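Please open the structure in your viewer and keep the selection panel at hand. The tour below proceeds stop by stop.

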Amino acid sequence: MNDYLLGQSDWLVNYAERHRAGQRVGTALTESTANFLVNRRMAKSQQMRWTRRGADRVLQVRCAVYNGT
């Protein structure tokens with residue numbers, strides 16, 4: 001387990017550091033909101049629904065905008 005954690009250390013989030021910096025720690029609210037919006041837009045009962053490909057592209061753009069990339 002320690003070898004795995006050491007190998008992944010560049011990708012691990014330091015939650016204590018984020019908390020001290022006043023940054024969000026949990027993602028549950030963000031994830032549940034995203035799931036709600038995507039599921040609602042992709043529902044067959046919607047007049048203008050997304051295709052799976054379209055939803056993926058919209059989410060990629062939203063993430064890029066949010067991340068400033």
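Does Asn67 count as buried or exposed? The model under view is predicted. Select Asn67, whose place is in helix α4. Asn67 has a relative accessibility of 55%, and the cut-off for exposed is over 50%, so Asn67 counts as exposed. Next, add Leu12 to the selection. Asn67 and Leu12 are 55 residues apart along the chain, and their C-alpha atoms are separated by 18 Å.

**Second stop: another residue of the same helix**

Select Asp56, which also lies in helix α4. Asp56 has a relative accessibility of 41%; because this value falls between 20% and 50%, Asp56 counts as partly exposed. Now select Leu6 together with Asp56. Along the sequence, 50 residues set Asp56 and Leu6 apart, while in space the distance from C-alpha to C-alpha is 32 Å.

**Third stop: the whole chain**

Clear the selection and display the protein chain as a cartoon. Which elements appear from the N terminus on? The order is α-α-α-α, with four helices and zero strands in the protein chain.

Turn next to the overall dimensions. Taken along the principal axes, the box filled by the C-alpha atoms of the protein chain is roughly 50 × 30 × 25 Å. The radius of gyration of the protein chain is 17 Å, whereas a compact globule of 69 residues would have one near 11 Å.

**Fourth stop: surface and charge**

Switch on the molecular surface. The protein chain has an accessible surface of about 6,900 Å², and carbon and sulfur atoms account for 54% of this surface. How much of the chain is buried? Buried residues make up 3% of the 69 residues.

Colour the side chains by charge. The protein chain carries 11 positive and 5 negative side chains. The centres of these two sets lie 20 Å apart.

**Final stop: the largest pocket**

Where should one look for the centre of the largest pocket? The largest pocket has a volume of about 780 Å³. Select Thr30, Thr33, Ala34, Leu59 and Arg62: of the 23 residues that line the largest pocket, these are the closest to its centre.

Finally, select the helices that contribute to the lining. Helices α2 (15-20), α3 (28-42) and α4 (52-67) each supply at least two residues of the lining of the largest pocket. Helix α3 gives the most, with eight residues.

How values were computed:
Residues numbered from 1 in each chain as written. Predicted model: local features only at pLDDT ≥ 70, side-chain atom pairs only at ≥ 80, totals over all residues. Heavy atoms only, no water. Rg over C-alpha atoms; globule rule 2.2 N^0.38 Å. Buried < 20%, exposed > 50% of the residue type's maximum accessible area, 1.4 Å probe, protein only. Areas by Shrake-Rupley, 256 points an atom, 1.4 Å probe, with all protein chains shown as cover. Lys, Arg positive; Asp, Glu negative; His and termini not counted. Charge placed at Lys NZ, Arg CZ, Asp CG, Glu CD. 1 Å grid on protein atoms, 1.4 Å probe; cavity = no way out; pocket = protein on both sides within 12 Å on 5 of 7 lines; lining within 4 Å. Points joined across faces, edges and corners; volume = space filled by probe spheres on them.
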